[in-house]
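Student: I am new to this structure and would like a close look at a single part of it. Could you take me through one strand and what lies beside it?

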Amino acid sequence: MRETSEDLAELQELLDSSRGGASAHLRSIIDDANTLTAAELVGVLTGMCTLALSTVTARCEPRISGVDGHFLWGRWYFGTARTAAKVRHIAARPAVSVAHMRGESLGVFAHGTAEILNPLGGEPAADWPEVLAYFKEFYGDDAFDWDNEVVYYRLRPHWMTVYAPDIARLAAP
């Protein structure tokens with residue numbers, strides 16, 4: 001677990017405020033009995049988690065694609081090829097949504113702003129060295145041309161909710 005107590009407190013506050021401000025329909029599905037705490041969530045979201053990433057085109061048409069997601073420090077981090085259409089979408093319209101689902105046992109849904117971590121020819125985010133070290137450890141030091149081939153983002157969420165009716169099923173092999 002990489003999260004500090006401050007990361008967990010911030011994530012818990014986000015989860016609570018998101019659920020509290022949700023529609024009556026969503027609150028009828030996600031209640032205290034079938035959600036996770038921040039501490040439980042970071043324990044479940046380890047390694048690579050496939051995300052469905054939703055962006056919007058210049059014509060305001062939705063687009064969805066899959067990306068490798070990593071839940072670190074209470075935030076989603078994801079990357080793609082610098083030549084992918086989603087890179088242009090995010091540059092022009094950084095509001096995105098992500099979903100990670102494991103059958104009917106887990107659903108993590110978030111809306112927020114994608115922040116670029118390693119802009120080509122620009123100043124990287126302050127935490128990029130730490131994030132890059134994690135990715136190199138996970139994928140291998142020479143998996144990519146880390147400076148030119150891939151671009152990584154952090155999702156700064158303003159809304160996040162979790163559906164998990166049975167945490168024991170998530171922990172089972």
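**A strand and its partners**

Tutor: In this predicted model, a good place to begin is strand 1, which is joined by 3 bridges to strand 4 (residues 95-102), the two running antiparallel. One point of contact can be named on each side, since the bridge partner of Ser-54 in strand 4 is Ser-97. Strand 1 itself covers residues 48-56, and it also pairs with strand 2 (residues 62-72), again in the antiparallel sense, over 9 bridges. Here too a partner can be picked out, for Thr-50 has Asp-68 as its bridge partner in strand 2. If you follow the chain through the hairpin that strand 1 and strand 2 form, you pass 5 residues between the strands, and in this hairpin Cys-60 takes a positive phi near 65 degrees.

It also helps to look at the two faces of strand 1 separately. The covered face carries Cys-49, Leu-51, Leu-53 and Thr-55, while Met-48, Thr-50, Ala-52, Ser-54 and Val-56 make up the uncovered one. When you read the bridges again with this in mind, Thr-50, the partner of Asp-68 in strand 2, and Ser-54, the partner of Ser-97 in strand 4, are both found among the residues of the uncovered face. Strand 1 is thus a strand with two antiparallel neighbours in this description, strand 2 and strand 4, and with a covered and an uncovered face.

Key: Residues are numbered from 1 along each chain as its sequence is written. This is a predicted model: local features need pLDDT of at least 70, side-chain atom pairs count only at pLDDT 80 or more; totals for chains, interfaces and linings use all residues. Side-chain values use heavy atoms; hydrogens and water are left out. Buried means under 20% relative accessible area, exposed over 50%, partly exposed in between (1.4 Å probe, protein chains only). Helices (H or I, at least four residues) and strands (E, at least two) are DSSP runs, numbered from the N terminus. Two strands pair if DSSP finds at least two bridges between them.
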